[in-house]
Amino acid sequence: MANLLYVDNSNVWIEGMRVAAVQNGLCPDIWSAVHNRICDNSWKLDFGKLFRFAGGESMEVKKATLFGSKPPQNDSVWEAAKRKGFDVITYDRNIVNHEKKIDTDIVATMIEDSYEILEVGKDEMTLVAGDSDYVPAIKKLKHRGIPVHVVFWFHASREIKESATKFIDLDPYLKNLCRQ
């Protein structure tokens, strides 16, 4: 059985910094961190560790794609992700500096890959994202017999947790997923 891995970079990274803020005592709970935009900016995601945790051993991963916004010229994050085994897809931010096209491309790519490279009955998909925008795609993929696992922080939307074949909570692994 092979795995196809799809990661919403900003979603997992920003929410990870919020979980770190709670775990490191910068705020009392995750909802305070979310509503007050409190982050522990010292927490840095290690792409290699995320790849192994969410995707499995590299020989078991048929495809791993990291989606996000184009970084500043001097940012080495995307190169680090490529070295750790991810294909990287980036988009420009819009005029008011908001991320656009990411969720839509993840969904489109998952559906496309389910027809072009996934072997139904043999392979599975893993999504590292936590909002309910992904629920319709997960349901459609599952209807075709494709297991879709969601790996995300515990405060992921209730809907995405319920729609996933399996939900894996990242909170207990926060320190393990951090770059040292």
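Asparagine 9 counts as buried because its relative accessibility is 8%, where buried means under 20% relative accessible area, exposed means over 50%, and partly exposed lies in between (1.4 Å probe, protein chains only). Asparagine 9 sits in helix α1; helices here are DSSP runs of H or I with at least four residues, strands are runs of E with at least two, and both are numbered from the N terminus. From asparagine 9 to aspartate 46 is 37 residues in sequence and 11 Å in space, C-alpha to C-alpha.

A quick word on what you're looking at. This is a predicted model, in which local features need pLDDT of at least 70 and side-chain atom pairs count only at pLDDT 80 or more, while totals for chains, interfaces and linings use all residues. Residues are numbered from 1 along each chain as its sequence is written, and side-chain values use heavy atoms, with hydrogens and water left out.

Now for the overall build. The protein chain has seven helices and six strands, and along the sequence they run β-α-α-α-β-α-β-α-β-α-β-α-β. The C-alpha trace spans about 45 × 35 × 35 Å along its principal axes. The radius of gyration is 16 Å, which agrees with the value near 16 Å for a compact globule of 180 residues; this radius is taken over C-alpha atoms, and the globule rule is 2.2 Å times the number of residues to the power 0.38. Of the 180 residues, 46% count as buried. Among contacts (heavy atoms within 4.5 Å) between residues at least 6 apart in sequence, 60% join residues at least 24 apart.

Next, the inside. In soluble globular proteins, nonpolar side chains tend to be buried together. A nonpolar core is a set of buried Ala, Val, Leu, Ile, Met, Phe, Trp, Tyr and Cys residues joined through side-chain atoms within 4.5 Å. The largest one here has 49 residues, and Trp43, Phe86, Met125, Leu127 and Trp153 touch the most other members. Helix α1 (residues 9–23) gives the most to this core, with five residues.

Leaving aside neighbours within four places in sequence, methionine 125 is in contact with residues including Asn3, Leu4, Tyr6, Met110, Leu141 and Val148. Methionine 110, in helix α5, counts as buried at 1% relative accessibility. With the same neighbours set aside, methionine 110 is in contact with Tyr6, Met125, Leu127, Leu141 and Val148.

There's an opening to explore, too. The second largest pocket holds about 210 Å³ of space. A pocket is found on a 1 Å grid over the protein atoms alone, as an open set of points where a 1.4 Å probe fits, with protein on both sides within 12 Å along at least five of seven lines; lining residues have an atom within 4 Å of a point. Its volume is the space filled by probe spheres set on the points. Among the lining residues are Asp8, Ser10, Arg93, Lys101 and Asp131, and the elements giving two or more residues are α1 and α5 (102–116).

Lysine 101 also appears below, with another residue that has a positive phi.

| Residue | Phi | Loop | Relative accessible area |
|---|---|---|---|
| Arginine 37 | near 55° | between α2 (30–35) and α3 (47–55) | 71%, exposed |
| Lysine 101 | near 80° | between β3 (87–91) and α5 | 56%, exposed |
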